[in-house]
Amino acid sequence: MRKIDTRDFRRATRTTSREINRRIVLNLVRDHQPVSRADLARRMNIGRGVVTSIIQELIGEGTIYEGATGHAARGRRPTMLYVRTQDRLVVAVDVRFSRTFIMLSDFAGTQIALESFETTLAPELLVNELSDRINLLLASHGAHGRCEGVGIVVPGMVERMTGRILVAPQLGWRDVDIRSAIADRVGLPVSIENAPMACALAQMWLGQRGNSSDNFVYVTVSDGVGAGIVLNGQLIRGDSNSAGEFGHVAVNPDGPQCLCGAHGCWEAYTSNQATLSRYLGKELSPIWGQSTRQAVPLTIEELIARARAGDKQAASAIEATGHYLGVGIGGIVNALNPSQVFVGGEITGAWDMIEAAVREGILERALTRAAASTPVVPEQVGGYPRLRGATALVAAPHFAAPRVA
Ligand SMILES: [Zn+2]
């Protein structure tokens, strides 16, 4: 039951019901492809004629296409329908404190090209470099299809309507607009989003994973730690776009100082930096803080490799991160009761080493048996979840339910 906001609503028009049915058809094709018109009519419990005319519109606007014919028990073999993704392109950008990644992919998130460069922290310089690289990428791979937009994920809070980055502590940004400048220079619509929120969107919308449940939390573990929350099929943004900052919930108010300035945040125990600091026996904050960016002495991937090669200290540093991850996830599970928790980030490369510790941490905190048994699903390694999130920013709105009332 959703309350109608009398200050911000969309009234229904004569075409509203058709608009809704079109999106239902598009989503049914996406979930069940290849699928026939007869099958769609059955699933929607409406006449073949209505389905056929909606399909005609969707083919006309290029969102679905007719493929091979399928099998039929008797009579004419039906023409099967598919969502069109291959020749619709997206430029996905992941701006991180350490490096910025650019991927050209299709609407399904399939990678066509990938490159990265060291992040320039001055916004104007980053805009220049990004725009030049995006233009070059499109010039050399444009033959793959038509690019429909640029999606950018950042480690910070983003104002939804304007795309302004309200605050990105790791980058040292406060109230920064890079969207309009990049849009001008590449001539494409640009969407910007907080990285964990975008990862949750990708989980909801892209590929096979699009079938995951309507209630889940996506935890990203990288330079920072954050969460994208989806409840009732909707990404939760909060009143001023900052929902999901579980990374800065205190695990221990007397704990190590976090990059946000406070002490003992969940992030200060579980981020890649936190894991490396634990191993190196150094304090977390000034090792490679934003003002003193130094060469990172060791990467999380190298640490995992050391643990696999028998380095006991490396293994215990990683396992401790697993335990703290579990403690925090236990809190999230208690608070939101998701059906699943996804974890993305390099640490998933060590999942076999930390899974038991993660589950133990959850068990310590979970209030109910159901909460304690909530599945925690690691992202596949090398899957670039943040870039998939950036892709979803452009692709997902085409599938979303139209907003009414
Ligand atoms: Zn913090």
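Where does Asn 241 lie? In this predicted model, Asn 241 sits in the loop that runs between strand E13 (234–235) and helix H7 (267–270). Despite its place in a loop, Asn 241 counts as buried, because its relative accessibility is 10% and the cut-off for buried is under 20%. Its side chain makes a polar contact with the side chain of Arg 237, at 3.0 Å. If you set aside the neighbours within four places in sequence, Asn 241 is in contact with Met 157, Val 158, Glu 159, Arg 160 and Met 197.

Met 197 in that list takes us on to helix H6, which spans residues 195–205. How many of the residues of H6 are buried? The count is 11 of 11, so the helix is mostly covered. Met 197 is among the buried residues, along with others such as Cys 199, Gln 203 and Trp 205. The start of H6 is worth a look too: there, a side-chain oxygen of Asn 194 reaches to within 3.1 Å of the backbone nitrogen of Met 197. Met 197 therefore appears twice in our tour, since a buried loop residue, Asn 241, is in contact with it and Asn 194 reaches its backbone nitrogen.

Now let us turn to the charged side chains. Side chains of opposite charge can pair when their charged atoms come close. In this model the count comes to 22 salt bridges, and a few of them make good stops.

Begin with helix H4 (residues 123–141), where Glu 129 and Arg 133 are four residues apart and thus separated by about one helical turn. An α-helix has 3.6 residues a turn, so residues three or four places apart point the same way. The side chains of Glu 129 and Arg 133 meet in a salt bridge, at 2.9 Å from N to O. Both partners are partly exposed: Glu 129 has a relative accessible area of 27%, and Arg 133 has one of 24%.

Is the pair of Arg 96 and Asp 94 buried or exposed? Arg 96 is buried, and Asp 94 is buried as well. Their salt bridge has its closest N and O atoms 3.0 Å apart.

Arg 10 and Glu 19 also form a salt bridge, with the closest N and O atoms 3.8 Å apart. Here Arg 10 counts as partly exposed at 42% relative accessibility, and Glu 19 is partly exposed at 31%.

Finally, salt bridges can be followed beyond a single pair: Arg 18, Arg 22, Glu 57 and Glu 61 are linked in a network of them.

Terms used. Residues numbered from 1 in each chain as written. Predicted model: local features only at pLDDT ≥ 70, side-chain atom pairs only at ≥ 80, totals over all residues. Heavy atoms only, no water. Buried < 20%, exposed > 50% of the residue type's maximum accessible area, 1.4 Å probe, protein only. Helix = DSSP H or I, 4+ residues; strand = E, 2+ residues; numbered from the N terminus. Polar contact = N/O pair within 3.5 Å; in protein donor to acceptor, adjacent residues only side chain to side chain. Salt bridge = Lys/Arg side-chain N within 4 Å of Asp/Glu carboxyl O. Contact = heavy atoms within 4.5 Å.
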